[in-house]
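I wanted to look up where enclosed space is left inside this protein and where nonpolar side chains come together on its surface. These are my notes, in the order in which I looked.

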Amino acid sequence: MSEQTSHPKLTTASGKPYYEHENSMTAGPRGPILLEDFILHEKLAHFNRERTPERVVHAKGTGAYGTFTVTHDITKYTKAKLFNEIGKETRVFLRFSTVGGEKGSADSERDPRGFAVKFYTEDGNWDLVGNNTPVFFIKDPKKFPDFIHTQKRDPRTNTKSATMMWDFWSLNPESLHQVVILMSNRGTPFSYRHMHGFGSHTFSFINQDNERFFVKFHFKTLQGIQNFTDSEATVMKGLDPDQAQRDLVEAIDRGDYPRWALKVQIMPEAEAATYKWNPFDLTKVWSQKDYPLIEVGVLELNEIPDNYFAHVEQAAFAPAHLVDGIGFSPDRMLQGRILSYPDAHRYRIGANYEQIPVNRCPFTVNNYQRDGAMRVDGNGGSAPNYFPNSFDNIEADESYKEPAQHLGSNVVADWYDRNAEGENDHYTQPGDLFRLMTPEEKKHTISNIVGAMQGIDGPKRAEIINRQLCHFFRADIGLGLGVAQGLGVDISAHSGGVHAN
């Protein structure tokens with residue numbers, strides 16, 4: 001065989017070898033292009049479709065493969081097979097992201113960071129889809145589109161708007177806990193390797209005796225926390241908007257594999273009804289004094305995908321993807337994400353998105369889903385597409401049945417005020433958080449808030465500032481005074497109000 005023919009042939013997508021990759025077929029050397037040149041059509045048509053719709057949130061991100069290794073026994077809490085043996089390893093894929101920015105935005109923006117982990121377990125894929133913060137801005141999914149609209153672009157100017165953001169936050173004091181975190185230096189992590197990750201929501205653990213425990217997941221970085229100051233983050237936006245992406249790739253390429261310790265907080269099911277905070281409120285944390293962190297294992301990232309689009313851009317995570325031994329909770333935001341996340345993926349990359357290699361379960365998958373665009377797994381062949389049937393031997397295994405959830409007696413389905421009496425303390429925890437900060441951290445947090453709020457403009461500027469200042473004062477007097485002074489607001493004690501200049 002000659003050297004020339006031993007090389008791979010250039011082919012069309014259907015496999016036909018061809019030669020003319022650079023010149024279009026024309027009527028003569030200077031004539032018009034002929035419709036017959038289907039190679040030209042294929043190249044341009046595919047080029048037009050190279051970009052999938054970007055994610056509405058979490059559009060800018062990076063990801064890597066790795067392993068999760070169990071280091072401690074938690075089998076008394078859960079029968080999930082990935083935790084059933086010390087030393088057991090499970091392959092994972094982790095995608096980091098910013099939240100509010102578009103795909104071309106800067107990695108160092110002041111923004112929460114996504115922290116989504118896909119565990120490829122023998123009982124199916126488990127997606128733990130969280131952030132680098134243990135709380136969120138809202139606690140009812142019906143508010144999510146409104147909130148995200150304020151983080152995007154003004155419909156008239158098509159620019160980011162501090163007025164929209166602070167107007168929404170000032171009208172929704174439930175956001176204050178997350179706002180204080182965001183406005184601290186934790187809002188501008190130095191890199192994805194130097195931040196914690198959280199499942200954020202409350203989930204369930206179910207053990208072999210069908211006992212239910214409520215659980216929160218914490219990934220603690222073993223690289224140490226490292227953040228930008230606001231000015232450093234601003235400089236980095238211009239120097240290298242892809243700095244966090246580059247940092248992760250270069251670290252793993254040089255063998256400096258980032259690691260996180262997975263820890264959990266466990267709450268017995270019966271204690272949920274009497275805990276001082278609603279344990280299913282995404283704007284609240286559980287005190288680690290009440291529910292200490294329990295060691296579980298170590299997650300390590302050690303492989304950068306060979307193609308960003310195939311793995312990172314097409315990765316699809318959904319809180320609906322659980323495994324036996326891990327369940328849901330009455331967390332309203334979690335309940336909303338169970339529906340919205342898979343729906344977003346079906347819109348963005350198709351009904352069969354779970355057949356894409358990065359999303360595909362590497363173990364057996366049996367169901368009666370058929371057809372749809374990009375069906376690439378044989379589509380079930382000639383097997384029945386309905387259940388029950390008299391022909392195949394697929395069975396529903398009763399051992400995987402989850403125990404019933406106890407919702408209490410005389411429970412009525414209704415539209416309950418998420419901030420009713422007993423659910424409306426939006427100030428104690430953010431105030432406690434601020435008081436835990438060092439003087440330097442307090443200074444930075446106040447400075448960052450002032451810098452962010454100075455962008456508020458328009459005829460409602462004073463109203464929005466005054467409303468938000470009231471929230472800061474209720475959380476902590478020092479926080480409120482610091483922000484007010486930074487904004488040049490006159491604190492009029494005699495009138496009981498504040499007045500923005």
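The entries below go from the cavities to a surface patch.

Entry 1, cavities. I kept in mind that this is a predicted model. I searched the whole structure and found two cavities of 30 Å³ or more.

Entry 2, the largest cavity. I noted about 50 Å³ of space in the largest cavity, and I listed its lining as Val 99, Gly 100, Asp 111, Pro 112, Phe 136, Phe 137, Phe 147, Ile 148 and Gln 151. When I sorted the residues of this lining by character, I had six nonpolar, two polar and one charged.

Entry 3, the second largest cavity. For the second largest cavity I wrote down a volume of about 30 Å³, with Pro 112, Asn 132, Thr 133, Gln 178, Ile 181, Leu 182, Arg 186 and Gly 187 as the residues that line it. Sorted by character, the lining of the second largest cavity gave me three nonpolar, four polar and one charged. I marked Pro 112 in my notes, since this residue lines the largest cavity and also lines the second largest cavity.

Entry 4, the surface. I then turned to the outside and found a nonpolar surface patch of about 240 Å², made by Ile 477, Leu 481 and Ile 491. I placed Ile 477 in helix α12, which covers residues 477–486. Is Ile 477 buried or exposed? I count Ile 477 as exposed because its relative accessibility is 53%, and the cut-off for that word is over 50%.

Definitions and conventions
Residues numbered from 1 in each chain as written. Predicted model: local features only at pLDDT ≥ 70, side-chain atom pairs only at ≥ 80, totals over all residues. Heavy atoms only, no water. 1 Å grid on protein atoms, 1.4 Å probe; cavity = no way out; pocket = protein on both sides within 12 Å on 5 of 7 lines; lining within 4 Å. Points joined across faces, edges and corners; volume = space filled by probe spheres on them. Nonpolar A, V, L, I, M, F, W, Y, C, P; charged D, E, K, R; others polar. Patch = residues over 30% accessible without salt bridge, like charges linked within 9 Å, V, L, I, M, F, W, Y side chains within 5 Å. Areas by Shrake-Rupley, 256 points an atom, 1.4 Å probe, with all protein chains shown as cover. Salt bridge = Lys/Arg side-chain N within 4 Å of Asp/Glu carboxyl O. Helix = DSSP H or I, 4+ residues; strand = E, 2+ residues; numbered from the N terminus. Buried < 20%, exposed > 50% of the residue type's maximum accessible area, 1.4 Å probe, protein only.
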